[in-house]
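Visitor: Hey, have you got a minute to walk me through this one? I'd like to start with the fold and then poke at a couple of residues.
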Amino acid sequence: MKNILLLLISILALSACTSGGSDIFKISDPAKQLEAASGNEFKIIIAANVTTGYHWELVEELDESIVEFVSREYRPDQPITTGSGGVDVWTFKAVSAGETTITLGYYPPSSGEEPEQTAVFSLTVK
């Protein structure tokens with residue numbers, strides 16, 4: 001009986017650790033080449049924490065002959081608490097065949113500074 005109770009507690013603890021809102025999204029890896037078919041939308045998902053004032057922005061202008069920005073949405077981890085993180089879900093549309101990069105910078109709360117980190121995603125549109 002003791003072993004069954006311990007097993008149930010372990011299962012509940014593990015499920016609580018994996019029930020956060022951003023866990024359903026796989027974080028995009030800048031080291032891996034992104035591929036999209038012309039005319040289709042695709043997403044870049046990147047860890048973020050807006051409660052700290054930090055935010056992701058495009059660092060360089062997009063080559064809009066190849067890719068266009070569609071939207072950005074922040075999805076907080078659940079439960080939402082001060083200091084808890086989440087993910088930024090960036091949606092883009094592949095416009096026409098070609099290769100380009102998408103560079104995102106993680107900026108501190110104060111404006112006018114350089115990003116504390118950057119993420120460069122290489123994209124091939126077919």
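Guide: Sure, we'll go from the overall layout to the strand pairing and then to single residues.

Visitor: Is this experimental or predicted, then?
Guide: Predicted; everything I say here is computed from a predicted model.

Visitor: Okay. How many helices and strands does the protein have?
Guide: There is 1 helix, and there are 7 strands. Going along the sequence, the pattern reads α-β-β-β-β-β-β-β.

Visitor: And what share of the residues is buried?
Guide: 32% of the 126 residues count as buried. As for the accessible surface, it comes to about 8,000 Å², with 56% of that belonging to carbon and sulfur atoms.

Visitor: What about long-range contacts?
Guide: Take the contacts with a separation of 6 or more: 69% of them are between residues 24 or more positions apart.

Visitor: Let's do the sheet. Strand 1 and strand 7: parallel or antiparallel?
Guide: Parallel, over 3 bridges. Strand 1 covers residues 34–36 and strand 7 covers residues 117–125. Glu 35 stands opposite Thr 124 in strand 7.

Visitor: How many bridges join strand 6 to strand 7?
Guide: 9, and those two run antiparallel. Strand 6 spans residues 98–107. Across from Thr 118 in strand 7 you'll find Gly 105.

Visitor: Switching topic: where is Ala 48?
Guide: Ala 48 is in strand 2, which spans residues 41–48.

Visitor: Why does Ala 48 count as buried?
Guide: Because its relative accessible area is 6%, and the cut-off for buried is under 20%.

Visitor: Which residues does Ala 48 touch, leaving out those up to four places away in sequence?
Guide: Trp 56, Tyr 74, Gly 85, Gly 86, Val 87, Asp 88 and Tyr 106.

Visitor: How far is Asp 88 from Ala 48, C-alpha to C-alpha?
Guide: 6.0 Å, although the two are 40 residues apart along the chain.

Visitor: Now Ser 28. Where is that one?
Guide: Ser 28 is in the loop between helix 1, residues 2–17, and strand 1.

Visitor: Buried or exposed?
Guide: Buried, because Ser 28 has 15% relative accessibility, again to be read against the cut-off of under 20%.

Visitor: So what does Ser 28 touch, beyond its neighbours up to four places away in sequence?
Guide: Lys 43, Ile 44, Ile 45 and Phe 121.

Terms used. Residues numbered from 1 in each chain as written. Predicted model: local features only at pLDDT ≥ 70, side-chain atom pairs only at ≥ 80, totals over all residues. Heavy atoms only, no water. Helix = DSSP H or I, 4+ residues; strand = E, 2+ residues; numbered from the N terminus. Buried < 20%, exposed > 50% of the residue type's maximum accessible area, 1.4 Å probe, protein only. Contact = heavy atoms within 4.5 Å. Areas by Shrake-Rupley, 256 points an atom, 1.4 Å probe, with all protein chains shown as cover. Pairing = 2+ DSSP bridges.
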